[in-house]
Amino acid sequence: MLRSAFIFVALVIFGISGSGEANAAGAKEVYDFYCSQCHGATGKGDGPNVTKDMPVTPRNFTNAAEMNKLSDKDLRDVIMDGGPALSKSSIMPPWSQTLTEGETTGLIKHIRKLCKCKGK
Amino acid sequence: MVKRSKVARILALSVMATALIGFNASESRADAATGKKAFDSKKCGGCHYTTGPAREKTIADQLKKKGPELWYAGSKFQKEWLGAWLQNPKPIRPLAYNSLTKKNPGNHPKLAAGDAAGVTDYLMSLTSKDVAAGVIKAKKNLKGKLVFTKKMPCSGCHQYEMRKKVKGGLSGPSLVGAGKRLNPDWIYAYLKAPKAFKPVKMMPVFTGILSDKQMKDVSTFVANFK
């Protein structure tokens, strides 16, 4: 009896500390917070920052044909170092000092879901 | 003899001056205390926290906030602007706080002149040790302009005014008139050590991306927005 209570308590504690990983923000939460302000909630490139003043439109992530031209490494480079990393506009910000490796990997997977494409 | 009385006069004057300065300081402290009472009784603390250090650890923490943190208000704002804004709070952020879809409703609580003066003294007494004074002076700065408008995405998220035209993105606070609102030294301190003030925010961290010189240039440029 005592023993199973002990195991139960141990399991609960383990369960709580195990959920530490879930604390790292999920990819959708990260996307909604940092990226949707320009790329839009559904990735169509229509976030609230896209006004007539923006010199280029943010990439539409649902355009599979365009998104297929980019490898996962291209995505990582442009997310980390900004548009100029792929000779694109500097309006695409560099996020290397903001996002963790894990968050960036999560974002790449999230973008692939939005475009339903694998990339080159 | 003449010399003696001169010394005495200087002494007397300096004693008086010290007394005056002391009196002034205690008076503004009294105002800050009255201001804190007004701040509490108007329930400003329901949307703003006023004790540092920064508390936000996750995106969810930031999204739960109903208004910007004010614990370093005295380092961030210019006193004159603050006193006027509290009486006539025009929208600063184009969009509602923490929203990407709703317009700023422009319904911030207003204070009467008397309360505004006290609350201003109180908020100006809340400072951060991470803001060094006298580093940035507002003036024209072409290199800073280049960083803001070309090299970096600042204009993608912030409104600013150029040749009498307001342009730029909407997700960040408008920087139109930032030179009247923000302390130039705070702008630089924020770019240099953003996590001390805003650990979780939609703006990218530029430390390590912009050089120290570029941060000073762009702060000088932003501080000059009229």
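Biologist: How much area do domain 1 of chain B and domain 2 of chain B bury between them?

Modeller: Bear in mind this is a predicted model. The two domains cover 32–124 and 142–222 of chain B, and their C-alpha centres are 20 Å apart. The contact takes 19 residues from domain 1 and 20 residues from domain 2. Of the area buried between them, 61% is on carbon and sulfur atoms, and the total is about 1600 Å².

Biologist: Which residues of domain 1 of chain B lose the most area to domain 2 of chain B?

Modeller: Three residues together make up 30% of what the domain 1 side buries. They are B:K76, B:Q78 and B:P94.

Biologist: How many salt bridges are there between domain 1 and domain 2 of chain B, and which residues form it or them?

Modeller: The count between the two domains is one salt bridge. B:E69 falls within the 32–124 range of domain 1 and B:K198 within the 142–222 range of domain 2. Their closest N and O atoms are 2.7 Å apart, inside the 4 Å cut-off. So the count is one, and by that cut-off the pair is B:K198 and B:E69.

Biologist: What is the nearest side chain of opposite charge to B:R93, and how far away is it?

Modeller: B:R93 is in the loop between α4 (79–87) and α5 (113–124) of chain B. B:R93 touches residues including B:P68, B:K76 and B:P173. B:R93 is buried yet has no salt bridge, because a salt bridge needs the atoms within 4 Å. The nearest side chain of opposite charge is B:E69, at 6.8 Å.

Biologist: Over to the two chains: which three residues supply the most of the area that chain B buries against chain A?

Modeller: The contact takes 29 residues from chain B and 21 residues from chain A. Chain B and chain A bury about 1900 Å² between them, with 64% of it on carbon and sulfur atoms. On the chain B side, 29% of the buried area comes from B:I59, B:L100 and B:M202.

Biologist: How many residue pairs in polar contact are found across the interface of chain B and chain A?

Modeller: Salt bridges don't contribute here, as the count between chain B and chain A is zero. For polar contacts, both residues have to be at pLDDT 80 or more, and the number of pairs is eight.

Biologist: Which element gives the most residues to the side of chain B that touches chain A?

Modeller: The elements giving two or more residues to that side are α2, α6 (142–151), α7 (154–157) and β2 (165–168) of chain B. The top one gives four residues, and that's α2(B).

Methods:
Residues are numbered from 1 along each chain as its sequence is written. Chains are lettered from A and ligands numbered from 1 in the order in which they are written. This is a predicted model: local features need pLDDT of at least 70, side-chain atom pairs count only at pLDDT 80 or more; totals for chains, interfaces and linings use all residues. Side-chain values use heavy atoms; hydrogens and water are left out. Buried means under 20% relative accessible area, exposed over 50%, partly exposed in between (1.4 Å probe, protein chains only). Lys and Arg count as positive and Asp and Glu as negative; His and the chain ends are not counted. Contact means heavy atoms within 4.5 Å. Domain bounds come from an automatic or database domain assignment. Buried area is the accessible area (1.4 Å probe) that two parts lose on being put together, summed over both. A polar contact is a pair of N or O atoms within 3.5 Å; within protein, one must be able to donate a hydrogen and the other to accept it, and residues adjacent in sequence count only if both atoms are side-chain atoms. Lists of a residue's contacts leave out its neighbours within four places in sequence.
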